[in-house]
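Here is a short tour for your bench notes. Please have the sequence and the 3D view open as you read along.

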Amino acid sequence: MKLLVTGGAGFIGSAVVRQAIRDGHSVINLDALTYAACLDNVASVADDARYTFVHADIRDRAALDEVFATHAPDAVMHLAAESHVDRSIDGPGAFIDTNVMGTYTLLEAARTYWVSEGRPDRFRFHHISTDEVFGSLGATGQFTETTPYDPRSPYSASKAASDHLVRAWAETYGLPVVLTNCSNNYGPFHFPEKLVPVVILNALASKPIPVYGSGENVRDWLYVEDHADALLTVLQKGRVNRSYNIGGENEVRNIDLVRMICAILDEKRPKSAPYADQITFVSDRPGHDLRYAIDPTRIASELGWRPSVTLQKGLEKTVQWYLDNEPWWRALQDRAGVGERLGTKS
Ligand code: NAD
């Protein structure tokens, strides 16, 4: 297939681009190169004849029209977004602009192109979203595809809005869409402001390892390359106008995740004191959702997809990747906001 991937210079988008090229697809990677982007993430495929990079913004309709006309993609995989909850608390406007208006602009460009091509049934607009649209769970229960939306942060509200737009374009205009709602990702090329890399990099720098609140918040962690694999599976095998929840079957409290990473570092890069001694509890994120958990029954039973790595194995691979790729993360640590406590301005 010829895939138009938005946000392909980001964390998950770049994993999708790398795997799509490995699988034999052609990829047009459209990215505005915001603070969260890094073209090194796709350096391994940059010279491949099937790979094209387009520097463009999903809010720029003229640029999108040109990309559709020039490349005639078989499908869109839409990952471009503002993605950091803490930044959404300090500056929600960018999240509304990109995640809502940008998705709207991309939908309209895709629809115009799809109509101009004679409304092919096999075209897909794959919208990549988050489990955070479903809100916060108590101690029990899991999110299914029919769980009511209940977003609670500017980030999750903007993603929920974009999900609604995508469904509306399917119902109203007949655009063939698929949606996925995924749990927290981790793995190589994770931007150094997110929890897993913050833990690894602060540990290595002998700095305090910050844990929000009492660390009781539970997330269902998914290795990023498993997510990319799930996305390409849903794109090719998923039923049109249907959504699929994607999870890692790896629920764990934040404090336990942090301790797991510290223990792996104790093994791989031992020093005189255990890394867990650096754990420091800091004030909680405003409106911090307590628990997310994915019921993966639909993607497992309909598409036969399951995650390939356990959290322990995925974290070992991730820690090793950060140990082996210091120039990558050092270059990103100068970017605005990285290393600062964000999201306290509520
Ligand atoms: P990221 O922040 O690492 O990357 C986002 C990419 O989008 C960057 O390369 C950025 O330059 C690009 N981008 C931002 N605004 C743009 C614009 N206006 N036009 C074009 N490009 C733009 O994000 P990520 O963690 O890779 O997440 C990718 C997608 O997956 C997002 O839609 C996010 O909501 C969703 N998601 C993320 C997670 C997670 O754990 N990270 C979990 C579930 C779903």
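## The ligand and its backbone partners

How far is an oxygen atom of the ligand from a polar backbone atom of Ile12? The separation is 2.7 Å. Keep in mind that this is a predicted model, and every value here is computed from it.

The ligand's nitrogen atoms have backbone partners too. A polar backbone atom of Ala32 sits 3.1 Å from a nitrogen atom of the ligand. For Ile58, a backbone N or O atom is found 3.0 Å from a ligand nitrogen. On its own the ligand would expose 840 Å², and the protein buries 96% of that area.

## The shell around the ligand

Which elements give two or more residues to this shell? They are α1 (11-22), β5 (124-130) and α5 (154-173). Strand β5 supplies the largest share, with 3 residues.

In total, 29 residues surround the ligand. The closest are Ile12, which you have already met, together with Asp31, Ser83, Tyr155 and Lys159. Sorted by character, the shell holds 15 nonpolar, 10 polar and 4 charged residues.

## Where α2 packs on α4

Next, turn the view to a pair of helices. Helix α2 (residues 61-71) packs against helix α4 (residues 92-116) at an angle of about 35°, and their axes are 9 Å apart. The crossing of these two helices is right-handed.

From α2, the residues taking part are Arg61, Leu64, Asp65 and Phe68. On the α4 side they meet Thr105, Leu106, Glu108, Ala109, Ala110, Thr112 and Tyr113. Taken together, the residues of this contact comprise 6 nonpolar, 2 polar and 3 charged.

## Asp74 and its neighbours

Just follow the chain onward from α2 to find Asp74, in the loop between α2 and β4 (75-78). Which residues does Asp74 touch, leaving out those up to four places away in sequence? The answer is Met1, Lys2, Arg122, Phe123 and Arg124.

Two of these neighbours also make polar contacts with the Asp74 side chain. That side chain reaches the backbone nitrogen of Lys2 at 2.6 Å. With Arg122, the contact is between side chains, at 3.4 Å.

For a sense of scale, try picking Asp74 and Ser136 in your viewer. These two residues are 62 positions apart in sequence, and their C-alpha atoms are 36 Å apart in space.

Methods
Residues numbered from 1 in each chain as written. Predicted model: local features only at pLDDT ≥ 70, side-chain atom pairs only at ≥ 80, totals over all residues. Heavy atoms only, no water. Near = heavy atom within 4 Å. Polar contact = N/O pair within 3.5 Å; in protein donor to acceptor, adjacent residues only side chain to side chain. Areas by Shrake-Rupley, 256 points an atom, 1.4 Å probe, with all protein chains shown as cover. Helix = DSSP H or I, 4+ residues; strand = E, 2+ residues; numbered from the N terminus. Nonpolar A, V, L, I, M, F, W, Y, C, P; charged D, E, K, R; others polar. Axes fitted to C-alpha atoms, helices over the stretch in contact; angles between N-to-C directions. Left-handed = near helix turned anticlockwise from the far one by under 90°. Contact = heavy atoms within 4.5 Å.
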